[in-house]
Amino acid sequence: MRRVAIAPRPDWIQQVERLGFAFHTIDGETYWDESAAFAFTLEEIERDIEAPSEVIEQLCFAFIEKALASEQILTQLAIPAQHWDYIRDSWQRGERNLYGRLDLAYDGRGPAKVLEYNADTPTALFESSVVQWDWLEQGMARGVLPRGADQFNSLHERLIAAFQGLREPSPYRLHLTCVEGSAEDKGTVDYLADCAIQAELDVRFSYIEEIGLLADGRFCDGANQPIETLFKLYPWEWMFREQYGAALAGSRCQFIEPPWKALLSNKGLLAYLWEMEPGHPNLLPAFFEGDPRCATLAARHVRKPLYSREGANVTLLERGKVLDSDDGPYGAEGYVLQDAATNLFSEDGKYAVLGSWLVASQPCGLCLREDASPITKNTSRFLPHFIEP
Amino acid sequence: MKRSTQIGLAAAGVLLVATAWSLTGDDSDESLVYNSLGECQSGGQLSLQQCETAFSEATAARLQDAPKYRSQGECEAQYGANGCSTANIGGAQFFIPALAGFMLARGLSGSAQAQPLLPPTTAACPPGSPQPECQQARSSSSGSSGGSGSPYGSSSRSRAYSTTSGRGLTAAFAGGARSASVRTSSVSSRGGFGSIARSFSSHSSS
């Protein structure tokens, strides 16, 4: 794994905008950054990223089985008790999942370590699937990347295939939703809608605020059409607690991601995975705050709220002293403490985190985000990668 | 190969095709695929001469190995409308599947012969396959969908092939939105989701 400086395309803005990539610059700051890229060997990709991601996914499934049978675990994960049966049903029915992103610390030396699992509402999808793919093709054509280079990225074709298989019979009608006012979220949902169209689905969109409830218990979109299958880029832990939370079980709606993903997007997962497989090469020691075993953690460790997104409220501590933190609204439900990764890729004061994509639980893509601090936040920049021939 | 073979975006109206891709039927068997001699020559992986050699090898192999039919109808039943052409073999006229592309093993120092790629057979196009090569018998479906006036556009394309031995090779995707009639029911409320996002003004994704 190397970080290599590469001349950006002189017209990169036009090139990425022709793909419909609207959020290459966020709040005036560069988000899509092609002034450098990460180079991997095929062995690094397959041995250190792809294979462990599959192993971790299987471990996560084992955890779900364990959690659904344990009121103690569900309570510690701060899952509202009135939704336990709803989550159990979704798992027992075998409701399929679409995608997720495992965030990994990896520097090319030794095994990748799981930082967290964005299993419910991951973004950075369109730029991973399409924009960096196009960058690679153009880079080879321009001669700035070696001919025969490749990329760990079959996201696009996997997403289309996954949409076809999410519900029987297919094609079916699919609604998609996200909050109003976030270009990044809307861009992600628009891309998934595009994939769903290519999977021949009948695709509708409504903002989450427009969703209504019909007299017969089903949800409906802004045009009052019943929602049978809903992709929601909106966290389960919020849906459980909002007014319509009580209507979920009676809605006869298949959600994507399915309710059982709420158990994986929770940082409590990290403590349970470590408990299930202590010493696993791809895991970092992690415990719930207050657990006496926290005393066994490294002096340098990270405090993460159970519910946190985009690095919000995550704190990096060294012997109790705060080194880095990000403010945010999370934390009321509790915290997990996790050893700080010692293999975070770092160069010139920049830190890179790998995002290993899974579609329908199959590892099939990679993204890298870089930040000036060890906590990857929503200010991080996206850098493309390639596999050396 | 670890990346998608091609990417179509209905909304942006673009279709991106990898300059060359390996076929994952057998991962250890890395191959290059081109749809035409020109594509090979502009692809940059092979020299002009290597491309011409590969192309003529594939052309010859197609004549020799492709299934031969006495009638256009029989051939098109397997390879679709416009999927066949006539060939004069040993003085007799046959209908054989068209040359849709060719592939050759990468890095085998030219010792392996280029293989012809034919249009996909009915076997390579399972029922419901969205690939346009598989839709020759069907009317193409397209249309816009409802929602909040979001005009999700429709058309896109795909590549599927078969080999002379009948193996199917596909680069997935394509299609169009289909409208469906929808029953409505009376609305009892609206806006029961989204309150936490509003109160936090925080990111709901990661």
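In which sense do strand β11 and β12(A) pair, and over how many bridges? The legends below take up this question and then move on to other parts of the chain.

**Figure 1. Strands β11 and β12 of chain A in a predicted model.** Here is the reply to the opening question: β11, which covers residues 229-232 of chain A, pairs with β12(A) in the parallel sense, over three bridges. To find your way in this view, start at Leu230(A), whose bridge partner in β12(A) is Phe255(A).

**Figure 2. The open four-stranded sheet of chain A.** Stepping back from the pair, you can follow the strand order β8-β7-β11-β12 (chain A), with parallel pairing. The edges are taken by β8 (202-205) and β12 (254-256) of chain A; each has a single partner strand, so one side of each has no neighbour in the sheet. On average, neighbouring strands of this sheet are turned by 25° against each other, direction ignored.

**Figure 3. An open sheet of three strands in chain A.** This sheet has the order β1-β4-β22 (chain A), and its pairing is mixed. At the edges are β1 (2-5) and β22 (385-387) of chain A, each pairing on one side only. The average turn between neighbouring strands of this sheet is 35°, direction ignored.

**Figure 4. Strands β1 and β4 of chain A, side by side.** β1(A) and β4 (residues 36-40) of chain A run antiparallel and are joined by four bridges. A handy landmark for this view is Arg3(A), which stands opposite Phe38(A) in β4(A).

**Figure 5. The second largest pocket and its lining.** The volume of this pocket is about 440 Å³. Its lining is made up of 25 residues, and those nearest the pocket centre are Leu115(A), Val353(A), Pro374(A), Ile375(A) and Thr376(A). Two or more lining residues come from each of β5 (99-105), β6 (113-118), β14 (300-305), β17 (335-339) and β19 (350-359) of chain A. If you are curious about the chemistry of the lining, 11 of its residues are nonpolar, six are polar and eight are charged.

**Figure 6. The setting of these close-ups: chain A as a whole.** Chain A holds nine helices and 22 strands. Its radius of gyration is 20 Å, close to the 21 Å that the globule rule gives for 389 residues, so chain A is as compact as a globular protein of that length. Along the principal axes, the C-alpha atoms of chain A fill a box of roughly 60 × 50 × 35 Å. Of the 389 residues of the chain, 67% count as buried.

Note on methods
Residues numbered from 1 in each chain as written. Chains lettered and ligands numbered in written order. Predicted model: local features only at pLDDT ≥ 70, side-chain atom pairs only at ≥ 80, totals over all residues. Heavy atoms only, no water. Pairing = 2+ DSSP bridges. Axes fitted to C-alpha atoms, helices over the stretch in contact; angles between N-to-C directions. 1 Å grid on protein atoms, 1.4 Å probe; cavity = no way out; pocket = protein on both sides within 12 Å on 5 of 7 lines; lining within 4 Å. Points joined across faces, edges and corners; volume = space filled by probe spheres on them. Nonpolar A, V, L, I, M, F, W, Y, C, P; charged D, E, K, R; others polar. Rg over C-alpha atoms; globule rule 2.2 N^0.38 Å. Buried < 20%, exposed > 50% of the residue type's maximum accessible area, 1.4 Å probe, protein only.
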